[in-house]
Amino acid sequence: MKRAEIISQLNEIFEDIIDEGSVSLSETSTSNDVDGWDSLAHIQLIVAIEKTFNIKFSSDEILSWNNVGEMIDCILKK
Amino acid sequence: MEFQLNEMFKHQFTVTLDIYNHFQMCSNDRNPLHTDEEFARAKGFPEKVMYGNILNAFVSYFIGECLPTKNVIIHSQEIAFKNHVFMNEKLDFEAHVSGVFEAVNAIEFKYKFIKPDGKIAAKGLIQIGLLK
């Protein structure tokens, strides 16, 4: 799967979970850039991403991400 | 993790007069479908229809009181109503662990309420967090 496809799917997941209208993620996006990306939304996002891509993250992996690009790196390694 | 994928939990609930009265007081919903026998019969029901959201309260009880740990918090709860429930019907509640998300200490349950005739009264999905 290409990075562009992943980010497109992530946009859909974020829009569904965060429910604050259109989301346009980039590789450098962080929680500070997305309205509604709070701690509870973060848990629900991780659950939705794991289910969508049929993968499992570790807590260490999640804590290591500094932006959406690093999240995508992690998804691609699965 | 205290929960295993596909682990099943069961409980039985009944919408008693006491529960009905308390829910009515709490919600202040006096819609005649729930309060007027004649109105309900005129709409094709055999008697007053119980408030569907009483089942949401039963889900709250299940999460808060029936699990093997009290260290829980509800993140989200979805319900779809399939068949009407009437006073004093015994509902078999079944929930199974449909997802374990260790990285974020979250568990998902799929659940259903089954009426005495075997029909589904409601079903849905609950996501909870496990408190540390």
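The contact between the two chains draws nine residues from chain B and 11 residues from chain A. On chain B's side, the elements that supply two or more residues are β2, β3 and β5 of chain B. Sort the chain B side by class and you get four nonpolar residues, five polar ones and no charged ones. Keep in mind that this is a predicted model.

**Chain B as a whole**

Chain B carries four helices and five strands. Reading from the N terminus, the order is β-α-α-α-α-β-β-β-β. The C-alpha trace of chain B covers about 55 × 30 × 20 Å along its principal axes. Of its 132 residues, 19% count as buried. As for the contacts in chain B with a separation of 6 or more, 65% of them come from residues 24 or more positions apart.

**Helix α2 of chain A**

Over in chain A, helix α2 takes up residues 39-53, which is 15 residues. From first C-alpha to last, α2(A) reaches 21 Å, close to the 21 Å expected at 1.5 Å a residue. Right after α2(A) comes N54(A), with a positive phi near 55°.

Which residues of α2(A) are buried? They are I43(A), Q44(A), L45(A), I46(A), V47(A), I49(A) and E50(A). What do these buried residues pack against? Their partners come from both chains, as the table lists.

| Element | Chain | Residues |
|---|---|---|
| α1 | A | 3-18 |
| α3 | A | 59-64 |
| β2 | B | 72-81 |
| β3 | B | 90-101 |
| β4 | B | 106-114 |
| β5 | B | 120-130 |

So much for the list; one of those partners, α1 of chain A, can be described further.

**How α1 meets α2 in chain A**

Two packed helices are described by the angle between their axes and the distance between the axes. Here, the axes of α1(A) and α2(A) come within 10 Å and cross at roughly 135°. Why is the pair called oblique? Because that angle is neither over 145 degrees, which would be roughly antiparallel, nor in the 65 to 115 range for roughly perpendicular, α1(A) counts as oblique to α2(A). The crossing of α1(A) past α2(A) is right-handed.

From α1(A), the contact uses Q9(A), I13(A), F14(A), I17(A) and I18(A). From α2(A), it uses A41(A), Q44(A), L45(A), A48(A), I49(A) and T52(A). By class, the residues of this helix-helix contact split into eight nonpolar, three polar and no charged. Q44(A), L45(A) and I49(A) take part in this contact and are also buried.

Note on methods
Residues numbered from 1 in each chain as written. Chains lettered and ligands numbered in written order. Predicted model: local features only at pLDDT ≥ 70, side-chain atom pairs only at ≥ 80, totals over all residues. Expected span 1.5 Å × (residues − 1). Buried ≥ 20, exposed ≤ 12 C-beta atoms within 10 Å, placed from the backbone. Contact = placed C-beta atoms within 7 Å. Nonpolar A, V, L, I, M, F, W, Y, C, P; charged D, E, K, R; others polar. Axes fitted to C-alpha atoms, helices over the stretch in contact; angles between N-to-C directions. Parallel < 35°, antiparallel > 145°, perpendicular 65-115°, else oblique. Left-handed = near helix turned anticlockwise from the far one by under 90°.
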